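Please follow the chain below step by step, with the sequence and the 3D view side by side. The explanation starts from one pair of helices and then widens to other parts of the chain.

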Amino acid sequence: MRRLQVSAEITLQAVSKVFPGGNAAVREVSLQIEAGEVFVVMGLSGSGKSTLLRMINGLIRPSSGAVVVREQPLDQLSSRNLQKLRRSAMAMVFQSFALFPNRNVLDNAAFGLEVAGVPRQERQAKAKQALERVGLGDQHERWPQQLSGGMQQRVGLARALALDPPILLMDEAFSALDPLIRRDMQTLLLALQSEQQRTIVFISHDLDEAIRIGDRIALMKDGQLLQCGTAQDLLQQPANPQVRHFFQDVDAASVLPVELIVDPTPPTLALPEGASRPDVQAIPKLSYVVDGQRRFHGVIAAEGGWIPASQAVHLLEGTLIREAMDQVAQTPYPTPVLDRDQRLLGVITPRRLLQALQQGCPC
Ligand code: ADP
Ligand code: MG
């Protein structure tokens with residue numbers, strides 16, 4: 001097991017929770033959540049997810065083990081300092097939306113700031129900004145009951161964002177929504193995350209959701225952590241048969257990146273030292289032009305002639321196979337896949353992609 005470092009945003013060290021009556025809701029869970037990641041805690045109902053989350057925000061004290069948030073061990077904080085940390089560092093979004101029916105959208109979004117004692121003008125300005133970010137900039141005066149579930153949860157999200165917390169805790173926040181709306185909310189969350197990275201601990205019992213939004217997934221069962229890793233880790237290297245069972249029906253193309261299915265040895269041509277382009281006349285057949293570090297400079301498409309890298313279609317490593325389909329199908333030459341340093345990892349043909357889709361897990 002990886003050694004725990006308290007420099008992570010959130011660290012759980014052998015955390016257990018036994019409720020009165022002897023029910024062990026969480027058993028010896030150790031994990032680290034890094035700053036800026038979307039960390040999904042996944043598991044069936046009753047597996048201990050909500051209890052885990054409540055131990056992270058200090059609402060429940062572990063029976064044993066330690067929770068460290070932003071380098072502060074929660075069990076060593078006075079209740080005043082714990083409350084201070086909770087208010088300054090964390091905000092929660094609930095499955096039930098938890099909006100006040102007698103407050104309009106703006107006042108609901110400003111509620112957390114009101115509790116924190118922020119003056120009216122400032123909290124309204126921040127709440128307006130947050131509502132803008134969730135697409136409700138023109139709904140300030142409406143009442144919760146006038147809004148659809150999806151819009152209500154946007155208000156719930158705005159209320160959390162208005163606090164501008166480094167950590168967002170979301171307990172089944174999208175579980176009550178219809179599938180399409182739910183997907184919209186996932187998309188919104190990912191968009192918000194790419195604008196400003198927060199540490200998000202997202203509880204879900206839905207594997208598709210976990211895979212879609214999670215940078216990493218912690219899979220829980222009966223209070224125990226079965227495995228923690230990327231969706232790819234859990235799919236390709238399940239730690240035990242229970243993890244394998246969870247992932248058995250997963251669409252591998254939605255989890256695995258394109259670099260796993262490339263042909264790593266396409267025809268390449270070394271760019272002559274000092275040259276900016278190859279001598280196309282001399283090489284009429286398909287070639288990928290690379291330099292000494294295998295950085296991609298362009299492709300000589302069999303019929304189309306020289307296409308420099310700036311105009312050549314390419315995929316970046318990490319792109320999911322499913323997301324690459326259109327591009328691969330429409331590109332008249334096998335699509336090059338590049339790493340972050342522009343190095344050519346290989347190429348993908350529509351045929352290769354189709355095989356990967358048909359076989360489920362290609363690798
Ligand atoms: P999940 O969020 O994964 O559905 P929970 O953390 O809510 O799971 O619950 C885990 C287990 O702990 C369940 O068996 C639940 O009945 C039990 N549990 C949760 N809260 C309490 C409580 N306050 N008192 C007693 N048992 C509880
Ligand atoms: Mg729960």
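In this predicted model, helices α6 and α7 pack at an angle of about 20°, and their axes lie 10 Å apart. Because angles under 35 degrees count as roughly parallel, α6 is roughly parallel to α7. The crossing in which α6 passes α7 is right-handed. On the side of α6, the residues that take part are Gly150, Gln153, Arg154, Leu157 and Leu161, and they meet Ile181, Asp184, Met185, Leu188, Leu189 and Leu192 in α7. Sorted by class, this contact of α6 with α7 contains seven nonpolar, two polar and two charged residues. It helps here to recall a general point about spacing: an α-helix has 3.6 residues a turn, so residues three or four places apart point the same way.

Helix α6 itself deserves a closer look. It covers residues 149-162, and at 1.5 Å a residue its 14 residues should span 20 Å, which agrees with the 20 Å between its end C-alpha atoms. Is this helix mostly covered or mostly exposed? Twelve of the 14 residues of α6 are buried, so that the helix is mostly covered, where buried means under 20% relative accessible area. These buried residues are Gly150, Gln152, Gln153, Arg154, Val155, Gly156, Leu157, Ala158, Arg159, Ala160, Leu161 and Ala162. The elements against which the buried residues of α6 pack are strand β6 (90-94), helices α3 (105-109), α4 (111-115) and α5 (120-133), strand β7 (167-171) and helix α7 (179-195). Just after the helix, Asp164 takes a positive phi of about 50°.

One of these partners, α5, meets α6 at another angle: the axes of α5 and α6 come within 8 Å and cross at roughly 130°. With that angle, α5 is oblique to α6. The crossing of α5 past α6 is right-handed. Here Lys126, Ala127, Ala130 and Leu131 in α5 meet Ala158, Leu161 and Ala162 in α6, and the residues of this contact divide into six nonpolar, no polar and one charged. Leu161 of α6 appears in the contact with α5 and also in the contact with α7.

Another helix pair lies further along the chain, where the axes of α11 (residues 321-330) and α12 (residues 350-359) come within 10 Å and cross at roughly 150°. Because angles over 145 degrees count as roughly antiparallel, α11 is roughly antiparallel to α12. In this case the crossing of α11 past α12 is left-handed. The residues of α11 in the contact are Ile321, Arg322, Ala324, Met325, Val328 and Ala329, which meet Pro350, Leu353 and Leu357 in α12. By class, they comprise eight nonpolar, no polar and one charged residue.

Helix α1 (residues 49-56) offers another case of a mostly covered helix, with six of its eight residues buried. Those six are Lys49, Thr51, Leu52, Leu53, Met55 and Ile56. The helix is followed by Gly58, whose phi is positive and near 80°.

Some positions outside the helices are also worth finding in the view. Glu28 lies in strand β2 (residues 23-33) and has a phi near 50°, a positive value in a residue other than glycine. Its relative accessibility of 58% means that Glu28 counts as exposed. Asp222, in the loop between β9 (216-221) and β10 (224-229), likewise has a positive phi near 50° and is not a glycine. At a relative accessible area of 48%, Asp222 is partly exposed. Ala239 sits in the loop between α9 (231-236) and α10 (241-247), and at 51% relative accessibility it counts as exposed. Which residues does Ala239 contact, leaving aside its neighbours within four places in sequence? Ala239 is then in contact with Leu226 and Gln227, and the C-alpha atoms of Ala239 and Leu226, 13 residues apart along the chain, are separated by 7.4 Å.

Finally, consider the chain as a whole. It contains twelve helices and 17 strands, and its C-alpha trace spans about 75 × 50 × 40 Å along its principal axes. Of its 363 residues, 48% count as buried. Among the contacts with a separation of 6 or more, 61% come from residues 24 or more positions apart.

Key: Residues numbered from 1 in each chain as written. Chains lettered and ligands numbered in written order. Predicted model: local features only at pLDDT ≥ 70, side-chain atom pairs only at ≥ 80, totals over all residues. Heavy atoms only, no water. Axes fitted to C-alpha atoms, helices over the stretch in contact; angles between N-to-C directions. Helix = DSSP H or I, 4+ residues; strand = E, 2+ residues; numbered from the N terminus. Parallel < 35°, antiparallel > 145°, perpendicular 65-115°, else oblique. Left-handed = near helix turned anticlockwise from the far one by under 90°. Contact = heavy atoms within 4.5 Å. Nonpolar A, V, L, I, M, F, W, Y, C, P; charged D, E, K, R; others polar. Expected span 1.5 Å × (residues − 1). Buried < 20%, exposed > 50% of the residue type's maximum accessible area, 1.4 Å probe, protein only.
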